[in-house]
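This report covers the cysteines, the nonpolar cores, the cavities and one pocket of the structure shown below.

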Amino acid sequence: IAAIRPGDMVFIEGTCGEPRTLVDALVEDKDRLKGTHLLDSRVIAGSPYADLTDYFHIITMHVSPDLRKGVAEGIMDFLPVSLTQTPSLFTTTVPLDIALVHVSPPDEQGYCSFGAVPGFNRDAALAARITIAQVNDQMPYTYGDSLIHVNDLDYLVEVSRPVQPWPEPTIGTEEEAVARVVSERIADGDTLCIGVGAIPEALLRMLTDHRHLGIHTGMISNSTVDLMESGVVTNERKAIDIGKTVSGAAAGTEKLFRFIHKNPQVEMYPYTYTHDANIISKFDNFITFVSAIEIDLSGQVNSVTIQGMQISAVGGQAEWVRGAAAAPGGRSIIAFTSAIQGKSSRHSRIIPRLQEGTITSVQRYDVDSVATEYGIAELKGKTLVQRADALISIALPDFREELQKARRKTD
């Protein structure tokens with residue numbers, strides 16, 4: 001960490017790949033490093049530097065719960081960028097002085113693996129002036145395109161510590177009901193993009209009766225292990241990467257990390273591959289499942305803001321949706337519970353129109369179908385009136401009359 005100079009731009013690998021030993025040393029050296037810029041890609045709550053804004057200038061690509069207040073108040077900066085476009089920033093508008101990354105020990109040829117999180121971390125490592133790697137014998141060595149040679153790393157810090165686990169989501173009856181609706185649209189032999197979270201996890205657990213499924217996704221979870229070991233996921237009908245589960249990150253616990261270690265049935269790739277719409281379009285019957293915060297009656301989707309406050313990242317939703325639209329037999333399903341609990345009352349996620357300050361994550365003309373616990377609304381090829389009627393039919397019944405009134409005002 002002594003190689004870092006005050007004022008440097010420091011990239012920190014995130015998700016389950018956070019190099020915590022290096023980060024702890026960085027935090028400990030905060031007095032010397034006052035004024036240093038931290039390019040944060042952390043997703044999991046519990047950031048050790050979130051409260052250190054008197055020392056560090058934090059620029060985040062994912063507004064985790066720890067950073068929401070700081071971003072809203074302008075103390076921290078949010079960098080809106082899609083996953084596929086992120087690597088180009090490291091050599092252009094956001095040049096990196098330092099990259100703190102997390103890899104496995106090198107193999108016989110001197111190649112370390114980014115293991116659980118290839119993401120855009122190798123791009124950062126290769127772009128930075130200095131790369132400091134936490135080399136951990138508990139980081140899985142994965143196949144695909146996740147390797148970097150030790151000659152491309154400037155400092156190696158050996159550790160032996162568990163890989164950062166992904167917190168288990170809380171799945172309620174409503175989330176299970178949404179997942180059940182979506183599961184009915186998945187057929188044997190489909191190739192799936194299912195992320196992480198309560199509804200995705202519930203959906204994965206409901207696919208035990210399916211066969212010959214394939215996976216090409218941004219993140220895999222513990223449930224992926226169960227589906228592969230039970231023979232539900234075989235990847236044998238995929239048009240490319242046949243026989244391989246492909247992902248950009250592994251978000252789970254030790255169960256998942258041990259399963260992907262040197263497992264030839266799992267391949268990890270950078271997001272520039274997993275989220276490439278041109279790659280996605282090659283799959284037959286590709287089904288992408290994404291979540292959202294709310295949708296208005298015209299079909300505009302908001303996945304990143306609540307009352308104008310940024311709460312997550314740009315991510316890769318647009319690529320998934322457009323890739324699925326171009327794939328033969330491809331479908332995209334945006335799914336969420338019909339209502340959300342506020343401080344004192346419930347609020348419908350299906351609303352008359354997006355409010356001022358709300359970001360449109362998926363344009364209405366890209367939306368295929370929308371699912372809640374009350375069914376699926378097919379929006380593709382529908383007029384504005386037809387879209388509104390379809391969405392109202394899957395809203396929480398308590399809000400349907402109000403939504404009908406709002407629709408009539410806009411007719």
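## Cysteines

Cys193 counts as buried, at 3% relative accessibility. The model is a predicted one, and zero disulfides are found in it. Cys193 takes part in no disulfide: the nearest cysteine sulfur belongs to Cys16 and lies 17 Å away. A disulfide requires the two sulfur atoms to be within 2.5 Å, so a pair at that separation does not qualify.

Cys16 is likewise in no disulfide, its nearest cysteine sulfur being that of Cys193. With a relative accessible area of 0%, Cys16 is buried.

## Nonpolar cores

Which residues touch the most other members of the largest nonpolar core? They are Phe11, Leu39 and Leu207, in a core of 69 residues. Apart from this core lies another, of 24 residues, whose members include Ile295, Phe336, Val367 and Phe399.

Phe11 has contacts beyond four places in sequence with Leu39, Ser41, Met61, Phe90, Leu96, Ile98, Ala99, Leu100, Val101, Phe120, Asn121 and Ala124. Leu39, one of these partners, is also among the residues with the most contacts to other members of the largest core.

## Cavities

How many cavities of 30 Å³ or more does the structure hold? There are two. The largest has a volume of about 90 Å³. Its lining consists of Trp166, Pro167, Glu168, Pro169, Val196, Gly197, Glu201, Ser221, Asn222, Ala251, Gly252 and Thr253. Sorted by class, these are five nonpolar, five polar and two charged residues.

The second largest cavity has a volume of about 50 Å³. Leu192, Ile194, Gly195, Leu204, Ile215, Thr217, Met219, Ile220, Ser221 and Thr224 line this cavity. Strand S11 (191-194) and strand S12 (214-217) each contribute at least two of the lining residues. The lining has six nonpolar and four polar residues, with no charged residues. Ser221 appears in the linings of both cavities.

## Second largest pocket

The second largest pocket has a volume of about 650 Å³. It is lined by 24 residues, and those closest to its centre are Glu294, Gln307, Ile340, His347 and Ser348. Two or more lining residues come from each of strand S18 (305-306), strand S21 (339-341), strand S22 (346-348), strand S23 (350-351) and helix H13 (397-410). By class the lining has eight nonpolar, 10 polar and six charged residues.

## Ile350

Strand S23, which supplies residues to that pocket lining, contains Ile350. Is Ile350 buried or exposed? Ile350 is buried, with a relative accessible area of 1%; the cut-off for burial is under 20%.

Outside the four places on either side in sequence, Ile350 is in contact with Ile295, Leu297, Phe336, Ser338, Thr372, Leu391, Ile394, Ala395 and Leu403. Of these contacts, Ile295 and Phe336 are listed among the members of the 24-residue core. Arg180 is 170 residues from Ile350 in sequence, and their C-alpha atoms are 19 Å apart in space.

How values were computed:
Residues numbered from 1 in each chain as written. Predicted model: local features only at pLDDT ≥ 70, side-chain atom pairs only at ≥ 80, totals over all residues. Heavy atoms only, no water. 1 Å grid on protein atoms, 1.4 Å probe; cavity = no way out; pocket = protein on both sides within 12 Å on 5 of 7 lines; lining within 4 Å. Points joined across faces, edges and corners; volume = space filled by probe spheres on them. Nonpolar A, V, L, I, M, F, W, Y, C, P; charged D, E, K, R; others polar. Helix = DSSP H or I, 4+ residues; strand = E, 2+ residues; numbered from the N terminus. Core = buried A, V, L, I, M, F, W, Y, C linked by side-chain atoms within 4.5 Å. Buried < 20%, exposed > 50% of the residue type's maximum accessible area, 1.4 Å probe, protein only. Contact = heavy atoms within 4.5 Å.
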